[in-house]
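Thank you all for coming. I would like to take a few minutes to walk through one structure with you, starting from the chain as a whole and then moving to individual residues.

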Amino acid sequence: MKQENCVFCKIINHEIPSAKVYEDENILAFLDISQVTEGHTLVIPKKHCKDIFELDEQTLAQVFQAVKKIAGKMQENLEVDGINLVNNNGKNAGQEVFHYHVHLIPRYGKGDGYLAVWKTNSSKYTPGILQRIAEKINPEMQK
Ligand code: AMP
Ligand code: ZN
């Protein structure tokens with residue numbers, strides 16, 4: 001269902017142009033205008049869902065089936081050295097467009113333009129602390 005003022009719904013409805021990479025009944029994929037690396041693609045469900053929390057499992061499966069297909073095409077047709085999948089959920093996670101989407105970012109080696117900084121805190125987390133955090137996330141895992 002279309003959401004007013006949603007830029008991705010407008011792309012689905014041809015109100016805004018896009019460079020299409022893949023389309024089927026439920027899914028559209030098109031190039032991200034920012035092109036973090038060449039071929040940077042967004043995969044979206046045609047059904048408007050804001051984020052992972054709103055997305056139903058069937059639609060999620062359709063999105064990732066398309067992600068897999070496009071990843072294969074990138075591997076086949078671009079000189080890729082890997083692919084990053086990125087999915088931001090919520091403003092604090094960097095989400096800017098509130099229509100669920102997965103970024104496929106083809107990688108071409110060091111200095112290709114994709115910068116993701118992960119700081120490790122492993123020295124602060126003992127196995128006991130890790131266990132407590134895991135149980136907090138999913139209490140059903142408690143033994
Ligand atoms: P996110 O920060 O995960 O919500 O990513 C939103 C992405 O949408 C950004 O990478 C934008 O460059 C991209 N974007 C916004 N408007 C358009 C558009 N009209 N066509 C293609 N990509 C877009
Ligand atoms: Zn939308």
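Let me begin with charge: the chain carries 17 positive and 18 negative side chains, and the centres of these two sets are 7 Å apart. Please keep in mind throughout that what you see is a predicted model.

Turning to the overall layout, the chain contains 3 helices and 5 strands, and if you follow the sequence from beginning to end, these elements come in the pattern α-β-β-β-α-β-β-α. Taken along the principal axes, the C-alpha atoms fill a box of roughly 50 × 40 × 25 Å. The chain has 143 residues, of which 31% count as buried, and its accessible surface comes to about 10100 Å², with 53% of that belonging to carbon and sulfur atoms. As for contacts, if we take those with a separation of 6 or more, 52% of them are between residues 24 or more positions apart.

Now to the metal. Which residues are the protein donors of the zinc ion, ligand 2? They are Cys6 and Cys9, each through SG, together with His48 and His99, each through ND1, and they lie 2.0 to 2.3 Å from the ion. The angles among the 4 donor atoms run from 102 to 116°, and the site is tetrahedral. Along the sequence, the spacing of the donor residues reads C-x2-C-x38-H-x50-H. Within that set, Cys9 and His48 link distant parts of the chain, for Cys9 is in helix α1, residues 7-12, whereas His48 is in the loop between β3, residues 41-45, and α2, residues 57-77, and the two are 39 residues apart. Cys9 has a relative accessible area of 1% and is therefore buried, and His48, at 15% relative accessibility, counts as buried as well.

Next, I would like to compare the surroundings of two hydrophobic side chains. Leu28 sits in strand β2, which covers residues 27-31, and Leu28 counts as buried because its relative accessible area is 2%. Leaving aside residues up to four places away in sequence, Leu28 touches Ile11, Ile12, Lys20, Tyr22, Glu23, Leu42, Val43, Ile44 and Lys46. To give a sense of distance, the C-alpha atoms of Leu28 and Thr120, which are 92 residues apart along the chain, are separated by 35 Å.

Phe64, by contrast, belongs to helix α2 and is partly exposed, with a relative accessible area of 34%. With the same neighbours in sequence left out, Phe64 touches Leu85, Tyr100 and Val102. The C-alpha atoms of Phe64 and Gln35, 29 residues apart along the chain, are separated by 21 Å.

Finally, a point about the backbone. Most residues other than glycine have a negative phi, and that is the background for the next two residues. Asn5, which is found in the segment before α1, has a positive phi of about 65° although it is not a glycine. His14, placed in the loop between α1 and β1, residues 20-23, also has a positive value, with phi near 60°. Are these two residues buried or exposed? Asn5 is exposed, its relative accessible area being 70%, and His14 likewise counts as exposed, at 58% relative accessibility.

Terms used
Residues are numbered from 1 along each chain as its sequence is written. Chains are lettered from A and ligands numbered from 1 in the order in which they are written. This is a predicted model: local features need pLDDT of at least 70, side-chain atom pairs count only at pLDDT 80 or more; totals for chains, interfaces and linings use all residues. Side-chain values use heavy atoms; hydrogens and water are left out. Donors are N, O and S atoms within 2.8 Å of the metal (3.2 Å for Na, K and Ca); water is not among the atoms, so sites may look incomplete. Four donors count as tetrahedral if all angles lie between 85 and 135 degrees; four count as square planar and six as octahedral if opposite donors are over 155 degrees apart and all others between 65 and 115; anything else is irregular. Helices (H or I, at least four residues) and strands (E, at least two) are DSSP runs, numbered from the N terminus. Buried means under 20% relative accessible area, exposed over 50%, partly exposed in between (1.4 Å probe, protein chains only). Contact means heavy atoms within 4.5 Å. Accessible areas come from the Shrake-Rupley method with a 1.4 Å probe; for residues, only the protein chains shown count as cover. Lys and Arg count as positive and Asp and Glu as negative; His and the chain ends are not counted. The place of a charge is taken as NZ of Lys, CZ of Arg, CG of Asp or CD of Glu.
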